[in-house]
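Please have the sequence and the model open side by side while reading. The paragraphs below go through the sheet, the helices, the core and a few single residues in turn.

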Amino acid sequence: RRLTVAIIGRPNVGKSTLFNRLAGKKLALVDDTPGVTRDWRSADGYLAGIELTVVDTAGLEEAFDDSLEARMRRQTEKAIDRADVGLFMVDARAGITPLDRHFAAFLRKGKTPIILVANKCEGNAGKPGLMECFELGLGDPVPLSAEHGEGMADLVEALTPYL
Ligand code: GDP
Ligand code: MG
């Protein structure tokens, strides 16, 4: 069956980059400015023969009177509500931030299964951040480089139980 996968995580971790790779087209806006995607988008794609509907989330820069945490939480709730699996992405180069920890705690309480993905793992710069991921209580991180297309086989393996 087609698997609906929502990519969630704080701004600038590489969600839209992974979305574009999975969708196979340049649909989401990727930018160096944190939170540049205006809306969530969804697209159908394939990953090693798995039929996916991928949901990209963002738009967190737009509210004025609300905290980043509150906005991110609302958006994440909406996205994972309709998803079979959530991919919670962190930036292994930046390491785990307080916002990542906050979100991990929130996601651990939810019903949607979560796969932890550590992005920007090409080369060695991601190694310390990857180790920090184990503290999040969301299982073993899947190391990825969305930009370079590394780790996709491990992502497939992580998704397989939910097919
Ligand atoms: P989003 O805000 O989570 O959607 O993040 P974006 O996909 O817009 O990416 C934010 C920044 O991270 C951009 O400059 C991307 O080029 C960069 N980026 C995304 N994936 C990778 C990766 O695998 N490795 C590295 N080094 N940078 C990446
Ligand atoms: Mg984005």
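A6 stands opposite G86 in strand 4. The strands concerned, strand 1 and strand 4, run parallel and are joined over four bridges; two strands are said to pair if DSSP finds at least two bridges between them. Helices (H or I, at least four residues) and strands (E, at least two) are DSSP runs, numbered from the N terminus. This is a predicted model, in which local features need pLDDT of at least 70, side-chain atom pairs count only at pLDDT 80 or more, and totals for chains, interfaces and linings use all residues. Residues are numbered from 1 along each chain as its sequence is written, while chains are lettered from A and ligands numbered from 1 in the order in which they are written.

The pair of strand 1 and strand 4 belongs to an open sheet of six strands with the order 2-3-1-4-5-6 and mixed pairing. At the edges are strand 2 and strand 6 (142-143), each of which pairs on one side only. Strands of a sheet pair through backbone hydrogen bonds, either parallel or antiparallel.

At one edge, strand 2 (residues 41-47) pairs with strand 3 in the antiparallel sense over seven bridges. L47 has I50 in strand 3 as its bridge partner. The hairpin formed by strand 2 and strand 3 has two residues between the strands. A48 is placed in this loop between strand 2 and strand 3, and its phi is near 45 degrees, a positive value in a residue other than glycine. Is A48 buried or exposed? A48 counts as exposed because it has 11 C-beta neighbours inside 10 Å. The cut-offs are as follows: a residue is buried if 20 or more other C-beta atoms lie within 10 Å of its own, exposed if 12 or fewer, and partly exposed in between, with C-beta atoms placed from the backbone.

Towards the other edge, strand 4 and strand 5 pair in the parallel sense over six bridges, and M89 has V117 in strand 5 as its bridge partner. Together with helix 3, strand 4 and strand 5 make a right-handed β-α-β unit. A crossover is right-handed if, with the strands pointing away from the viewer, the path from the first strand over the helix to the second runs clockwise. Strand 5 is also joined to strand 6, in parallel, by two bridges, and A118 stands opposite P143 in strand 6. The chain gets from strand 5 to strand 6 through helix 4, and this β-α-β crossover is right-handed too.

How many of the six residues of strand 5 are buried? Six of the six are, so strand 5 is largely enclosed by the rest of the structure. I114, L116 and A118 point one way from the strand, and I115, V117 and N119 point the other way. K120 lies in the loop between strand 5 and helix 4 (127-132). K120 has a positive phi of about 65 degrees, although it is not a glycine. Unlike the exposed A48, K120 counts as buried because it has 24 C-beta neighbours inside 10 Å.

Turn now to the helices. Helix 1 is mostly covered, with nine of its nine residues buried. Among them are K15, T17, N20 and R21. The buried residues of helix 1 pack against strand 1, strand 2, strand 3 and strand 4. Just after helix 1, G24 takes a positive phi of about 70 degrees. Helix 2 lies across strand 1, strand 3 and strand 4, and runs at about 165 degrees to strand 1; axes are lines fitted to C-alpha atoms, for helices over the stretch in contact, and angles run from 0 to 180 degrees between N-to-C directions. In helix 3 lies A105, which counts as exposed because it has 12 C-beta neighbours inside 10 Å. The C-alpha atoms of A105 and G137 are separated by 8.1 Å, although the two are 32 residues apart along the chain.

The last topic is the nonpolar core, a set of buried Ala, Val, Leu, Ile, Met, Phe, Trp, Tyr and Cys residues joined through C-beta atoms within 7 Å. The largest one has 40 residues, and those with the most contacts inside it are I7, F88, L116, V117 and A118. The largest share, five residues, comes from strand 5. Leaving aside its neighbours within four places in sequence, F88 is in contact (C-beta atoms, placed from the backbone, within 7 Å) with I8, G9, L107, I114, L116, V117 and L138.

Key
Contact = placed C-beta atoms within 7 Å.
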